[in-house]
Amino acid sequence: MARFPAVSRRSAGSAPMSADDENRFRPRPGRIRSDAPGRATKSFFTKVRKIARQHGAGPSGGSARVKGFGSGASVRGKAGANPSRGVKRGRGAAFVRSRTLGGRGWSHRQPGARRVIVKSRSVRAAGKNGRAAAHLRYIQRDGTSRDGERGQLYSATEDRADSDAFLDRGADDRHQFRFIVSPEDGADLGDLTGFTRDLMSQVEKDLGTKLDWVAVNHFNTGHPHVHVIVNGRDELGEDLVINGDYIAHGVRERASELATLELGPITEIEQQRKFRIEIDQDRFTRIDRAMITEAGDGLLDLRHQPADPRGVSDRADRLGRLGKLERMGLVTEHAPGRWELSDRLEPTLRDLGERGDIIRTMQKALRTEGHDRDPVSFQIHDRAPATPIVGRVIDKHLTDELGENLTLIVDGVDGRTHHVADVDPARMEDARIGSLVEIGPAEVGRRPADRTITGMVEDGIYRPSRHLERARFDGRVPGGDYQSFVDAHVRRLEALRRAGIVERIDADHWRLPEDFESRAAAHDASRNRQLNIRVLSTFDLERQTTADGATWLDRRLVGRGPSELASAGFGREVQQAMDRRSDRLIEQGDATRQADGRVFYRRNLLATLEQRDVVRAGADLAGSRAVPFRAAGDGETVQGKFTQTVKLSSGKFALVENAQEFTLVPWRPVIEDRLGREVMGVVQGGSVSWQLGRKRGLGI
């Protein structure tokens, strides 16, 4: 029965009511409320709006995008682009879990719980530019499964998940979640796939929604681990917004619970054994973290005190670790039992651990190739190398396994093994294991904009208004947008002003130094961390020795390559391959050996071999095309549709086809975005001068 709380009556302590007052009593009903004390009943329209939001309809009535995880079907519409408007799932699970731990929060593990390391990352617009596809390719690369084969993608219900369907479902998602789950005792788990499915099922319960996820198990390191990719929509089609505390701690705690349930609580003996293994490690360990936490002011007191047996054991482990750190110069014992921890302790140990991981990765890659090198010959590059590296790719993997950038391990002709991180995968699309590459600093020269600005300087002053007048008078700005043209130069000056190279007097006056161009170029060079990567050959050395075309070995033989070859390692392998290639060319009649052992090669050897390679490839392709093949001669104009690229031992070629014939011409990056479109160019000296976006008869 509804109550009527707003009733007119006298307050306590007032004069008593008369009978006449009692007869004049009039109730004043307020808003109808629920029977629960102090709780208002929601209106009908409030309930309708709530249900509409739950089913994806925005306040404007637009339908939300609803996805069927299995089929990939979707209905597109507005879907809560602002994360603050979405439900931060996992918040309730974090609260319940923190209560079960006595209010200590996620970071305190229950006694006996198995340790699991979880790394996470949220990638915005992962479906754009092929980033999600590249990440899936690399986590499924060869050598990651238990038997050394290609990693297998699976989902909650499929042992062989369809990666293309998964990518299609997440193509328009605002973000994508990536997790790496690594149980410390993962090698003892009998079924890592079952463990992952149980974990994701529990995560779905905590978040209150079904998730669209796939995973790959990796056994290529000392600790088996799982890569889990989650699309960024919940089962209602809304943006999946997960509470930050749950991402940081909740997934790890759930994984720890499952590992403990599978293997049983960790025993005291197991725990002590693991700690003792860490005593002599050249990396940052749990013992180090505990000592840093205890030594708030940098001083650690380990003087003997009566304690329980476990405390005595912990003290012994710490003293053993401190002895190791003292030899490394990272701690100092000022008095018996009183230690000072260096500020460099954690960063130094983390750097050592990272370097150790890199060295182990490089050694493993070399052993896979059948080599074993001294780590002294290893060279780790934190940025673009000053001297170009030429060598063979022996490993290619993700730098950060949650991202897309690659790390290359290159066996160099200089006898060293090089580790180069953070390589843009777009630069390595043509390179495979065994390919020959050249890696060096990106070429940085003087910008045309800087030269233009210098040409407009009068008495050390650049004036945008004067530049605008000159541009309009000359009339050479593409599209006639003169103001935007000048604004671009002003933005360049603004960037150089922040670097302290130029001075802004006012909006129309900039003071430039006399050596403006050289200082601007030096500034660009200092900021440049990009790599200049060139794929020299997609053919390995063995295939090059017997190839028909003009190979990288042939260019070295005729003196068109770096001459420095080490007498050991890959340098020696290259020299041996060059000797075998020379014998092959002699057999073909393309070279002759003199009595003194010297080898003379035929005139225009590279052009001859390349033409031979192109004619053979064209004849092979002609069998599957409707028009015949014709080799283009020097000085000829090539015109038609650029339909595909062809990789030969002589390099990468573009197939250009018209109604009468098709031909193969050297590929250049400038036509990469012209695939499937009409192109025109002139063959000149073994290359092509492409005339893109210009009228016939005009060159570039």
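Student: How much area does the protein chain expose, and what share of it do carbon and sulfur atoms supply?
Tutor: First, this is a predicted model: local features need pLDDT of at least 70, side-chain atom pairs count only at pLDDT 80 or more, and totals for chains, interfaces and linings use all residues. Numbering starts from 1 along each chain as its sequence is written, and side-chain values use heavy atoms, with hydrogens and water left out. The protein chain exposes about 39,300 Å² (Shrake-Rupley method, 1.4 Å probe; for residues, only the protein chains shown count as cover). Carbon and sulfur atoms supply, of that area, 49%.

Student: What percentage of the residues in the protein chain is buried?
Tutor: Buried means under 20% relative accessible area, exposed over 50%, and partly exposed in between (1.4 Å probe, protein chains only). Of the 700 residues in the protein chain, the buried share is 41%.

Student: How many helices and strands are there in the protein chain?
Tutor: Both are DSSP runs numbered from the N terminus: H or I over at least four residues for helices, E over at least two for strands. The tally for the protein chain is 19 helices and 28 strands.

Student: Which strands stand at the edges of the six-strand sheet?
Tutor: Strands pair if DSSP finds at least two bridges between them. The open sheet has mixed pairing and runs β13-β16-β15-β14-β17-β21. Two of these strands have a single partner each, so one side of each lacks a neighbour: β13 (378-381) and β21 (531-537).

Student: In β17, what is the bridge partner of R392?
Tutor: β14 (residues 389-398) and β17 (residues 436-441) pair in the antiparallel sense, over four bridges. In β17, the bridge partner of R392 is L436.

Student: Which helix lies across β13, β14, β15 and β16?
Tutor: Look for one running at about 125 degrees to β13. Axes are lines fitted to C-alpha atoms (for helices, over the stretch in contact, meaning heavy atoms within 4.5 Å), and angles run from 0 to 180 degrees between N-to-C directions. The helix, residues 345-368, is α11.

Student: And in the three-strand sheet, which residue of β20 does E503 stand opposite?
Tutor: That open sheet has antiparallel pairing in the order β18-β20-β19. β19 joins β20 (residues 509-511) through three bridges. Opposite E503 stands R511.

Student: Why does the E294 and R318 pair tie together separate parts, and how far apart in sequence are they?
Tutor: A salt bridge needs a side-chain nitrogen of Lys or Arg within 4 Å of a carboxyl oxygen of Asp or Glu. The side chains of E294 and R318 meet in one at 2.2 Å, N to O. E294 lies in α9 (residues 286-294) and R318 in α10 (residues 309-327), so the parts they tie together are apart in sequence by 24 residues.

Student: Is D590 buried or exposed?
Tutor: D590 meets R602 side chain to side chain in a salt bridge (2.9 Å, N to O). R602 is partly exposed, at a relative accessible area of 39%. D590 has a relative accessible area of 1%, so it counts as buried.

Student: Which side chain does R174 make a polar contact with?
Tutor: R174 sits in the loop between α5 (163-169) and β6 (175-183). A polar contact is a pair of N or O atoms within 3.5 Å; within protein, one must be able to donate a hydrogen and the other to accept it, and residues adjacent in sequence count only if both atoms are side-chain atoms. With 15% relative accessibility, R174 counts as buried. At 3.1 Å, its side-chain partner is H175.
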